[in-house]
Amino acid sequence: MGGQKFQYDESGGTFFYFLLSFLALLLIPSTYYWWPRKQVEDPTKDEKDCHCPGCKKKKSILKANEPWKGTKEIITKLAIIAGWVTLAFLAYKVSQFDYEYANFDPFEILGVPSGASNAQIKRAYKKLSLVLHPDKKTGDEKAFMKLTKAYQALTDDEAKRNWEKYGNPDGPGAMSFGIALPSWIVEKENSVWVLGLYALVFMVALPTVVGIWWYRSIRYTGDQVLLDTSQMYYFFFHKTPSMALKRVIMVLAASLEFEKRCNSEIVERPTDNTEVPQVIRQLPNLGEKNRERPLCYLYSIKARALLHAHLSRIPLNPNTLDKDRMYIVKKCPYLILEMVNCVSQLIMLAYARRISRLPTIETIENCMKLCPMIVQGMWEYKSPLLQLPHVYEEHLKFFMVKKRHIKSIQQFVQLKAEERRNILRFLNDDQYEDVMKVAGRMPLIDLQVRSEVIDDEASTVYTAGAIVTVTVTLVRKNMKTLFGDETVKEKHCNIDSDIKESGDNRVEEENKEKEQNKKPVWQKQQRKSGKKSGKKQQPKKQQHKENKSNVHNKNETNKKPEEKSSQEIPKKETPPPCDRESSADESDLSDEEPDRSDDESGGDKKGSSVEDDDDWEKFQTGIGRRDRILEGKSKLSHTVHCPQFPDEKQEYWWVYMSDRKSKTLLTSPVHITALVDQEEVQLKFTAPRWPGVYIFAVCLRSDSYLGFDQTHDIKLDVKEAPEVPVDHPQWDLSGEEEESKPEGEPSDISEFATDEDVDDDDED
């Protein structure tokens, strides 16, 4: 294009601007994310920490795993500080640049007012030229040239017109495009180096980095587990729907994260050929002769042996096998979480009839049970008291007091201080203090459950096939709140050592209740005879009252089993005839009640205002829950006391619903990772298709502690779903047909005709 000119930056001004902006874009986020922040340590942390031998060894191991931590922090700080110093230097250089004609004002250059005469302009020019002339000692060539242009712009007619029109006494200049690169880049002798650097960065380095990142990312799931490992989990859990705990350990040990070809961090030593068989001889029922692939591979057998040795607390060589054990154990919580997700997805696929084999609920619970076993380094059948510091197998005999056997940590902390100290008389004062510190920080979870049908007028009435929402509220406190409080009964926390036993006891209680609630046959027949007549003549107002009574009965059924009366509805899948007739009898009695329309209208107004407040609270809580989801999933809760685990561990929990009677899983387990004080979880499932009274269990499982699992039973009285009305007012077209045809004339349109047939008849 004519009048245009491209030029490179000779003075370096625009290039400095480019460097300044580019460096600022890098330094600001780098300083925010990478500047080493000194963690504010609690001065009393050492007093609060446990000083048992296991915790001391763990602290030394964690400290040894980061030998260059201080050096890395110093290097990072120096690099960031050097970047900010460079940024400050560039900012100073840019501020020193003076562009001659950036703001050209001749009156300001000559130092005269805008309305000055020619004589005043000449005197000012002569005065300044004597000072700025290059031949003088105080002369400045650039300033003198600028002064001359200003004098010409005010005295020469043509220069004055150019200045007034174009802002420059020389007239319109060529359009200039500056490139923020120095001119030496395009010089002929440097072209080879510039092209080589360009090819190295954009054609070699960048594709290589992107390719490595893509190759690594496609091999892993969202939880950084190898996809091949997840596929192996799916295969074995589909092959063995009911999987025992030891087989779950076998599948876990066969994870490809423990194979050298899939994980470069795995170390294989020549000493493994002698040390691993020695460990296997100490472990009974290891299953090393299994011929299934990859369960029979050497890496799988080694990992399985190390896991069994970890659970049995067998000492290993600290320079070889113990290092491998710590690496494998550190990976296990993430792998177990993936196993739980795989089993949960298989169960949901079986419900959708996409696969034939349905994994049992024992399988997924064995996977969950394995996680606290790995974290605490002990088998499930061991006493939960072994999780306390300084307590070993030989000390459990001291927990068998006169008339009671202390089996759980909760029972232990509820004892009086004198009794606790008497039980732990084999410990000195410092060791006893460690035990009380650890026991006092252990979790005490208050499990609160509320069930409802959202977006329904009667949220507490459950109909067949409705979507039931169970809101589970977890309130976490420290176990030290129970110190010496013997009035707090263990049932309030529902801590179950074995959920299966509680399910069997619940079935026995149901059978006893059924026998107590049996009615004579003559009473059932008498009620059955009056069912139809009472139900047919039931007015709308009485139906409204009956619905209220059903809601009241539903609230009564949600009470604890100890508070239920003997006249409770029996727990059957289909209600007996006597229960079906109870609503009809109540409706007959409601006919005798006087009309209370005024009172009911007032109550409805109050009830509507209360319902509006409840809806508003639900809306606000829903917004808060959505915001928490958008913020991301936090991984910080409370630190777990686990000296056998080689890394810091946070308390996580699983919450899910199950039907213990049919041994089925109702909802997928929700993994809670941020239970600091209180957390709320919503579980949704479809109500049974058949009316009846059902008992479901809300289960809470810890992935860090043994003996802290809880169950909470909820009772749902499922009603029959209302029938869809056949004669809908929007579908009544009898009036239109009567207008289109005279009275008495039959219609030519069939009752099965479509809209197209009707339109064709109209055209004819």
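**Figure 1. Residues 192-215 form a wholly helical stretch in this predicted model.** From residue 192 to residue 215 the chain is 100% helix and 0% strand, with 33 Å between the end C-alpha atoms. According to UniProt, in an unreviewed entry, this stretch carries the feature "transmembrane region", and so do residues 15-35 and 74-92. Residues 74-92 are likewise 100% helix and 0% strand, and their end C-alpha atoms lie 27 Å apart.

**Figure 2. Helix H4 runs over residues 69-95.** How far apart should the ends of its 27 residues be? At 1.5 Å a residue, the expected span is 39 Å, and the end C-alpha atoms are 40 Å apart, which agrees. Now look for the residues tucked away from the surface: in H4, Ile80, Gly83, Leu87, Leu90 and Val94 are buried. As you follow them along the helix, keep a simple rule in mind. An α-helix has 3.6 residues a turn, so residues three or four places apart point the same way.

**Figure 3. Helix H15 is mostly covered.** This helix takes in residues 361-376, 16 residues in all. Its first and last C-alpha atoms are 23 Å apart, close to the expected 22 Å. How many of its residues are buried? The count is 16 of 16. Just after H15 comes Gly377, with a positive phi near 70°.

**Figure 4. Leu252 sits among the best-connected residues of the largest nonpolar core.** This core has 94 residues, and those with the most contacts inside it are Tyr233, Leu252, Leu307, Leu370, Leu388, Phe399 and Phe412. Helix H14 (residues 321-351) contributes the most to this core, with 13 residues. Which residues does Leu252 touch, leaving aside neighbours within four places in sequence? Leu252 is in contact with Tyr233, Phe258, Leu307, Cys332, Leu335, Ile336, Met339 and Leu370. Another core, of 26 residues, lies apart from the largest one; among its members are Val470, Val681, Phe685 and Ile714.

**Figure 5. Strands S3, S5 and S9 make an open antiparallel sheet.** The order across the sheet is S3-S5-S9. Which strands are at the edges? They are S3 (443-452) and S9 (678-686), each pairing on one side only. From one strand to the next, the twist averages 20°. S3 and S5 (residues 467-478) are joined by 10 bridges in the antiparallel sense. To pick out one pair, find Ile445, whose bridge partner in S5 is Arg476.

**Figure 6. A cis peptide bond links Arg293 to Pro294.** What is the omega angle here? Omega is near 0°. Pro294 belongs to the loop between helix H12 (272-281) and helix H13 (298-312). For comparison, most residues other than glycine have a negative phi, and most peptide bonds are trans.

**Figure 7. His390 and Lys663 are non-glycine residues with a positive phi.** The phi of His390 is about 65°, and that of Lys663 is near 55°. His390 lies in the loop between H15 and helix H16 (409-413), whereas Lys663 is found in the loop between strand S6 (653-659) and strand S7 (664-665). Is His390 buried or exposed? His390 counts as buried because its relative accessible area is 9%, below the 20% cut-off. Lys663 has a relative accessible area of 52%, so it counts as exposed, the cut-off being over 50%.

Key: Residues are numbered from 1 along each chain as its sequence is written. This is a predicted model: local features need pLDDT of at least 70, side-chain atom pairs count only at pLDDT 80 or more; totals for chains, interfaces and linings use all residues. Side-chain values use heavy atoms; hydrogens and water are left out. Helices (H or I, at least four residues) and strands (E, at least two) are DSSP runs, numbered from the N terminus. The expected span of a helix is 1.5 Å times one less than its number of residues. Buried means under 20% relative accessible area, exposed over 50%, partly exposed in between (1.4 Å probe, protein chains only). Two strands pair if DSSP finds at least two bridges between them. Axes are lines fitted to C-alpha atoms, for helices over the stretch in contact, and angles run from 0 to 180 degrees between N-to-C directions. A nonpolar core is a set of buried Ala, Val, Leu, Ile, Met, Phe, Trp, Tyr and Cys residues joined through side-chain atoms within 4.5 Å. Contact means heavy atoms within 4.5 Å. UniProt positions are given in the numbering used here, feature names are shortened, and annotations may be inferred rather than shown by experiment.
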